[in-house]
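Grab a viewer and a pencil: here are some exercises to work through, each with its solution spelled out. Try each task before reading on.

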Amino acid sequence: MAFMEKPPAGKVLLDDTVPLTAQIEASQSLHSHTEYIIRVQRGVSTENSWQIVRRYSDFDLLNNSLQISALSLPLPPKKLIGNMEREFIAERQKGLQAYLDVITTHHILSNCELVKKFLDPNSYSVNYTEIALQHVSMFFRSEPKWEVVEPLKDIGWRIRKKYFLMKIKNQPKERLVLSWADLGPDKYLSDRDLQYAVKLLSSCSHPYIYKITFATANESSALVIRPFSEKGTLKDLIYKAKPKDPFLKKYCNPKKIQGLELQQIKTYGRQILEVLKFLHEKGFPYGHLHSANVMLDGDTCKLLDLENSLLGLPSFYRSYFSQFRKINTLEGVDVHCFGHLLYEMTYGRPPDTIPVESFPPAPSVFVVSVLESILTCEALKNGMPAVSRLLQMPLFSDVLLTNSEKPQFKIPTKLKEALKISKECIEKRLTEEQKLIHQHRRLTRAQSHHGSEEEKKKRKILARKKSKRSANESGEEHSAKYSNSNNSGSGASSPLTSPSSPTPPSTAGASSIPPAPPLPPAAPAPSTEVPTSQPDASRGALLSSIQNFQKGTLKKTQTCDYSAPRIS
């Protein structure tokens, strides 16, 4: 096939679901306009960041493009006069930062191509629609029975996946949809195994899996054709949207928020859990469950996009479950995503935050009990329940399934082993990402705690106590050293001598002049010297002894001079 002859380009290593954050670092005025210097970061690593320069007109252009979402975004208004004043620029910078915070934290907007190109033009400079058309054109050269009716522009959320409405030439009334996608960062199958596995999808038969008409892959991308459903997906039913409309228009800001009936929730939930159980038993990795990947066929839900995990595409909810280290298997990912889907079916909108602290009133307490087992803080800390456990819960256990179609999906042993290794690699990358996020969160929490006002006060009090304690200990040490120095100094100045008997007078050479009587011991002369301290005595002890010296304590002495000779 000509499609298979495309030179290999390899998988796309960039994960488009990793959140981008943007911080305005500075502004500069040039002539008649102001430029804002923005630091953009992908994920939690500061090393993966870059600077971009944007004017207000760039923000305005982006905002106009995002109006299709019908969201009220907080872009500061235009100002023609006085827009170069210092105070105005500072105020506008705050407003633009608030705008960036909104578009980077909104789950759908942050993943759309418009926002990605605004924040990361180098990574998203390619026209993916043109690339998809090139691949599709090559495919049609070898498969002339297919014909493009029209491109379905932006009906999906993925940047690197494009859709086209198709028809078969000899069956002009029948409509099909063709999807083309690049290989993603989680593609771990060999090219040979990938091509075989993708072709095998068309042989899969299950009452709750949407039928694939044709599928093929090469070294860089894949192409899948399915029947087109005018009724649309489960998400279209919930949001009352038209299937052909752009993703931003359909799901960002629905006009009416209303959940499904209880019986629909029970039936659809049971059908989805049954097909998840089937795939898990087959050892086939999925990990891409969300309401837009569930097609409605009458009253039956059918799973879409089984090829996504084979192609290595990241999940729609990856930015959610990558925050929780207990969701570290694709089975756990499927259950977590089912929690999002059940919440959406129940309340007509996605949850505001994960984990969910409290649930609004639901059609049944059994619905809330299932949601609590998946989306609460306790559930996320302890890990996801198994699909088999969810099927036994009261909400789904009494649902009768009337479809009698026998599931068939034969996977050769060698391919099963390759799928197992691929699944382990996908889970390993997820675990490593979760570890980095966990370390970053701990570091951020520690820095925030260390920089809090309360913590600063505590540190000041502790520093004062420590300073006083060290001063007291130093004073006691100096006093002890000075005392030792005094004792040592007095002993050195008055050496002890043993008493001796008087020396007898010599008889040899007696003189007529008798010897002088022995002198009485002289009183020690007062000393005004300060005792020298030991070499290791501190300066403080010396100064202290000088200050404490009192001259009045010295005793007066009388000296008798016996030096003159006496004549008897």
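A cavity here is a set of grid points where a 1.4 Å probe fits but cannot get out, and its volume is the space filled by probe spheres set on those points. Keep in mind that this is a predicted model.

**Exercise 1. How many cavities of 30 Å³ or more are there, and how much space lies in the largest and in the second largest?**

Step 1: the count comes to six cavities of 30 Å³ or more.
Step 2: the largest cavity holds about 480 Å³ of space, and the second largest holds about 180 Å³.

**Exercise 2. Which residues lie nearest the centre of each of these two cavities, and how do the linings divide by class?**

Step 1: start with the largest cavity, which has 32 lining residues; nearest its centre are Ile 155, Tyr 163, Thr 233, Ala 292 and Leu 304.
Step 2: look for the elements behind that lining. Strands β5 (161–168), β6 (171–182) and β8 (221–227), along with helix α8, each supply at least two residues.
Step 3: sort the lining by class, and you get 17 nonpolar, nine polar and six charged residues.
Step 4: now take the second largest cavity. It is lined by 19 residues, and Asp 16, Arg 158, Arg 160, Leu 313 and Pro 314 lie nearest its centre.
Step 5: its lining splits into nine nonpolar, three polar and seven charged residues.

**Exercise 3. Describe the second largest pocket: what is its volume, and what lines it?**

Step 1: the volume of this pocket is about 460 Å³.
Step 2: the lining has 21 residues, with Glu 113, Leu 114, Lys 153, Asp 154 and Lys 162 nearest the centre.
Step 3: check the helices. α4 (113–119), α5 (128–142) and α8 (247–251) each give at least two lining residues, and the largest share, three residues, is from α4.
Step 4: by class, that's 10 nonpolar, five polar and six charged.

**Exercise 4. Are helices α9 and α12 roughly parallel or antiparallel?**

Step 1: get the geometry. The axes of α9 (residues 262–282) and α12 (residues 330–347) come within 11 Å and cross at roughly 170°.
Step 2: apply the cut-off. Angles over 145 degrees count as roughly antiparallel, so α9 is roughly antiparallel to α12.
Step 3: list who touches whom. On the α9 side the contact is made by Ile 265, Tyr 268, Gly 269, Ile 272, Leu 273, Leu 276 and His 280, while α12 brings Glu 331, Asp 334, Phe 338, Leu 341, Leu 342, Met 345 and Thr 346.
Step 4: classify them, and the contact has nine nonpolar, three polar and two charged residues.

**Exercise 5. How many salt bridges does a search of the whole structure find, and what does the one between Asp 305 and Lys 161 tie together?**

Step 1: the search turns up 25 salt bridges.
Step 2: in one of them, the side chains of Asp 305 and Lys 161 meet at 3.3 Å, N to O.
Step 3: place the partners. Asp 305 is in the loop between β10 (300–303) and α10 (307–311) and Lys 161 is in strand β5, so the pair ties together parts 144 residues apart in sequence.

**Exercise 6. Where do the backbone oddities at Pro 355 and Ala 70 lie?**

Step 1: recall the background. Most residues other than glycine have a negative phi, and most peptide bonds are trans.
Step 2: the bond from Ile 354 to Pro 355 is cis, with omega near 5°. Pro 355 is in the loop between α12 and α13 (365–375).
Step 3: Ala 70 has a positive phi, near 65°, and lies in the loop between α1 (56–65) and α2 (86–105).

Notes
Residues are numbered from 1 along each chain as its sequence is written. This is a predicted model: local features need pLDDT of at least 70, side-chain atom pairs count only at pLDDT 80 or more; totals for chains, interfaces and linings use all residues. Side-chain values use heavy atoms; hydrogens and water are left out. Axes are lines fitted to C-alpha atoms, for helices over the stretch in contact, and angles run from 0 to 180 degrees between N-to-C directions. Helices (H or I, at least four residues) and strands (E, at least two) are DSSP runs, numbered from the N terminus. Angles under 35 degrees count as roughly parallel, over 145 as roughly antiparallel, 65 to 115 as roughly perpendicular and the rest as oblique. Contact means heavy atoms within 4.5 Å. Ala, Val, Leu, Ile, Met, Phe, Trp, Tyr, Cys and Pro count as nonpolar, Asp, Glu, Lys and Arg as charged, and the others, Gly among them, as polar. On a 1 Å grid over the protein atoms alone, a cavity is a set of points where a 1.4 Å probe fits but cannot get out, and a pocket is an open set with protein on both sides within 12 Å along at least five of seven lines; lining residues have an atom within 4 Å of a point. A salt bridge is a side-chain nitrogen of Lys or Arg within 4 Å of a carboxyl oxygen of Asp or Glu.
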